[in-house]
Amino acid sequence: MTQEGSAASRPDFDAIIVGAGFAGMYMLHRLRKLGLSVRVFETGDGVGGTWYWNRYPGARCDVESLEYQYGFSDEIQKGWTWTERYAAQPEILRYQNYVADKLDLRKDIQFLTKVTAANYDAQSGLWTVETDKGDRLRTPFCIMATGCLSAARVPDFKGIDEFSGKWYHTGNWPHEGVDFTGKRVCVIGTGSSGIQSIPIIAEQASHLTIFQRTANFTLPAGNRPLAQEEITRTKETLLADRERARQTRGGLICFEYNEALAEEMTPEAREKELMTRWTQGGFAFLGAYGDLMAKKEANDIAADFARAQMRARVAKPEIAEKLMPYDHPVGVKRLCLDTGYLEIFNKPNVELVDVREAPIERITKAGVMCGGKEYEADAIVFATGFDAMTGAILGVDITGRDGQKLREKWAAGPRTYLGLGSAGFPNLFFITGPGSPSVLSNMIVSIEQHVDWITDCISKLTSGNIRSIEATKEAEDQWVAHVNELAAESLYPQANSWYMGANIPGKPQVFMPYPGGVDVYGQKLAEVAAADYEGFLLGA
Ligand code: FAD
Ligand code: NAP
């Protein structure tokens with residue numbers, strides 16, 4: 001694609017992509033296939049995104065490896081063999097590097113470069129993308145593949161700089177690894193990252209203190225080596241499986257939802273269904289009956305069941321009780337899959353501090369001050385999560401039409417049409433942006449869904465001599481209202497989760513992902529495209 005005009009109106013690249021995780025890598029591949037010139041910027045010095053940064057001990061996927069992989073190329077999937085049901089971080093990162101080699105992606109990625117700003121110029125119809133390395137490049141299409149869980153967040157505790165030991169965040173883990181052998185370690189946070197890393201840190205540390213603010217539902221992952229027959233079967237069926245996955249609520253086919261409602265089942269049948277799915281491991285548990293995620297009374301039955309299973313893993317009843325989640329329905333915060341998490345509280349060198357009872361006051365030179373007591377430590381691990389869904393997008397100073405700042409537009413919560421674009425920001429796309437199923441799904445299915453849609457869209461625009469696409473305010477308002485309505489009908493708002501922005505003080509509390517399912521959402525995407533991008537303004 002080429003463009004005529006003066007130097008100021010000529011693009012440096014046909015498209016610029018921010019981020020080189022699963023989303024940025026696949027987006028680059030697809031746009032290059034269209035014959036476009038593309039530049040990717042990535043803060044890290046390698047591909048991988050989540051799996052490049054989250055190198056903490058125990059990091060692994062919670063969607064099964066056989067589904068947590070690209071499904072767009074038979075050659076790529078046939079050339080790779082997963083070893084475990086839930087692959088560990090090093091294996092996933094090796095896979096991503098294998099894909100980058102196979103598709104020769106790195107030549108178009110500028111690593112160690114953070115995009116700082118993107119400014120739209122209505123006259124030329126171009127975005128100027130600026131980086132911390134001094135680049136200023138113009139492009140008609142700017143695509144944010146910046147990740148939903150990529151802006152790691154350390155809470156604003158006073159005194160961190162005074163701490164005499166070393167501290168780490170799980171989402172920005174040292175590449176050389178950390179040896180905690182013989183060390184006194186404090187871990188703050190008991191979400192998925194804490195729950196995965198704590199058992200391994202506990203094996204090494206002389207003493208481990210765990211600071212828990214919210215107890216979480218966790219079930220044994222049931223990780224195991226994959227059997228040869230599973231691997232062979234998936235290699236034959238993955239592409240068809242992926243097509244099937246797109247027709248499901250969560251982008252997953254490793255389990256099916258039981259459509260029967262809780263009240264339609266006998267207590268014995270419910271118990272059996274819950275037990276089968278609990279033992280299976282993974283998210284199958286949340287599909288035990290049709291209204292588990294929709295009706296509080298139905299959810300309570302599953303939550304009671306889960307607590308009973310969890311309680312049985314902890315020897316001391318008073319500690320078990322502290323580990324029980326009572327303040328939110330099961331599944332409305334990300335369900336944690338663990339490997340030996342609750343059992344570590346039976347070890348003599350492990351101590352649980354309930355932060356709700358006694359808040360963390362500050363970090364001191366010697367450790368963590370909490371409830372008037374100082375917990376001494378040689379190392380502190382912040383497993384405190386991310387500024388999710390909007391943090392990385394708004395980390396870039398984005399200015400759209402008429403000088404409008406995205407940060408200001410989203411001050412009361414993100415506003416998008418379909419999670420793909422925002423009114424006033426022509427030709428700016430978000431992959432798995434707020435307002436799309438993203439984090440409620442197998443993310444690779446949702447990433448592929450968006451990348452495919454954006455690729456088709458750009459292809460149609462450029463071949464039809466259309467210069468710009470921009471969500472209309474009306475379509476955006478309707479979509480935001482629709483997402484809010486769906487969320488309000490669900491149990492999701494009943495938890496202080498990062499889905500709601502509740503983990504960040506001062507962040508607007510809005511349910512951010514689209515909770516209607518990958519299948520329904522995919523249908524909507526197809527309809528919008530088929531109706532000449534209904535809800536978008538196309539500019540010649
Ligand atoms: P990311 O992988 O986050 O990549 C975004 C990239 O953009 C990063 O490398 C970042 O450095 C870069 N970037 C951001 N801002 C800028 C900027 N301004 N300039 C330059 N570069 C920038 N999802 C699942 O479906 N299943 C799982 O099992 C699963 N496990 C997870 C485990 C962990 C520990 C975490 C944190 C998340 C997990 N997720 C999982 C979600 C996961 O984030 C997605 O599955 C997927 O990897 C996201 O890919 P992405 O390319 O969209 O974003
Ligand atoms: P998270 O779920 O947000 O958990 C952060 C933890 O830190 C929570 O326990 C939180 O408590 C606590 N915390 C935050 N600020 C605190 C403070 N000021 N004082 C005390 N405690 C504080 O983050 P995460 O564990 O990194 O996981 C984020 C998401 O990434 C997951 O939900 C999942 O989608 C993905 N992930 C997946 C896997 C996997 O299994 N494959 C692994 C890791 C991450 P509150 O709950 O009270 O806020």
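How many residues surround ligand 1, and which are the closest? Select ligand 1 to find out. The model on your screen is predicted. In it, 35 residues surround ligand 1. The closest are Glu 42, Thr 50, Asp 62, Tyr 68 and Met 443.

**Stop 1: around the ligand**

Keep ligand 1 selected and add Thr 43. A polar side-chain atom of Thr 43 sits 3.0 Å from a nitrogen atom of the ligand. Next, add Trp 53. Here a polar side-chain atom lies 3.1 Å from an oxygen atom of ligand 1. Then show the backbone of Val 63. One of its polar backbone atoms is 3.2 Å from an oxygen atom of ligand 1. Now switch on a surface. Ligand 1 has 980 Å² of accessible area on its own, and the protein covers 95% of that.

Colour the helices next. Helix H1 (22-33), helix H2 (50-53) and H12 each supply at least two residues of the shell around ligand 1. H2 gives the largest share, 3 residues.

**Stop 2: two domains**

Zoom out. Colour residues 3-151 and 388-539 as domain 1, then 154-213 and 333-385 as domain 2, following the domain assignment. Their centres, taken over C-alpha atoms, are 32 Å apart. The contact between the two takes 18 residues from domain 1 and 14 residues from domain 2.

**Stop 3: the nonpolar cores**

Select Leu 208, Phe 285 and Trp 453. In the largest nonpolar core, which has 132 residues, these three touch the most other members. H12 gives the most to this core, with 8 residues. Domain 1 and domain 2 each contribute at least three residues to this core. Apart from it lies another core, of 20 residues; among them are Tyr 120, Cys 142, Ile 398 and Phe 430. As a general rule, nonpolar side chains in soluble globular proteins tend to be buried together.

Go back to Phe 285 and show what surrounds it. Beyond residues up to four places away in sequence, Phe 285 touches Leu 219, Leu 274, Arg 277, Trp 278, Leu 292, Ala 302, Phe 305, Ala 306 and Val 330.

**Stop 4: Val 185**

Select Val 185. You are in strand S9 (residues 184-188). Is Val 185 buried or exposed? Val 185 counts as buried, because its relative accessibility is 1% and the cut-off for buried is under 20%.

Show its contacts. Leaving aside neighbours within four places in sequence, Val 185 is in contact with Phe 180, Ile 201, Ala 205, His 207, Leu 208, Thr 209, Ala 379 and Val 381. Leu 208 also appeared at the previous stop, in the largest nonpolar core. Now add Val 350. Val 350 is 165 residues from Val 185 along the chain, yet their C-alpha atoms are separated by 9.8 Å.

**Stop 5: two backbone angles**

Most residues other than glycine have a negative phi. Two residues to visit here have a positive one.

Start with Met 389. Its phi is near 70°. Met 389 lies in the loop between strand S17 (379-382) and helix H10 (391-394). With a relative accessible area of 2%, Met 389 is buried.

Move to Asn 465. Its phi is about 60°. Look for Asn 465 in the loop that runs between helix H12 (443-463) and strand S20 (468-471). At 65% relative accessibility, Asn 465 counts as exposed. Toggle between the pair: Met 389 is buried, whereas Asn 465 is exposed.

Technical notes
Residues numbered from 1 in each chain as written. Chains lettered and ligands numbered in written order. Predicted model: local features only at pLDDT ≥ 70, side-chain atom pairs only at ≥ 80, totals over all residues. Heavy atoms only, no water. Helix = DSSP H or I, 4+ residues; strand = E, 2+ residues; numbered from the N terminus. Buried < 20%, exposed > 50% of the residue type's maximum accessible area, 1.4 Å probe, protein only. Contact = heavy atoms within 4.5 Å. Core = buried A, V, L, I, M, F, W, Y, C linked by side-chain atoms within 4.5 Å. Domains from an automatic or database assignment. Near = heavy atom within 4 Å. Polar contact = N/O pair within 3.5 Å; in protein donor to acceptor, adjacent residues only side chain to side chain. Areas by Shrake-Rupley, 256 points an atom, 1.4 Å probe, with all protein chains shown as cover.
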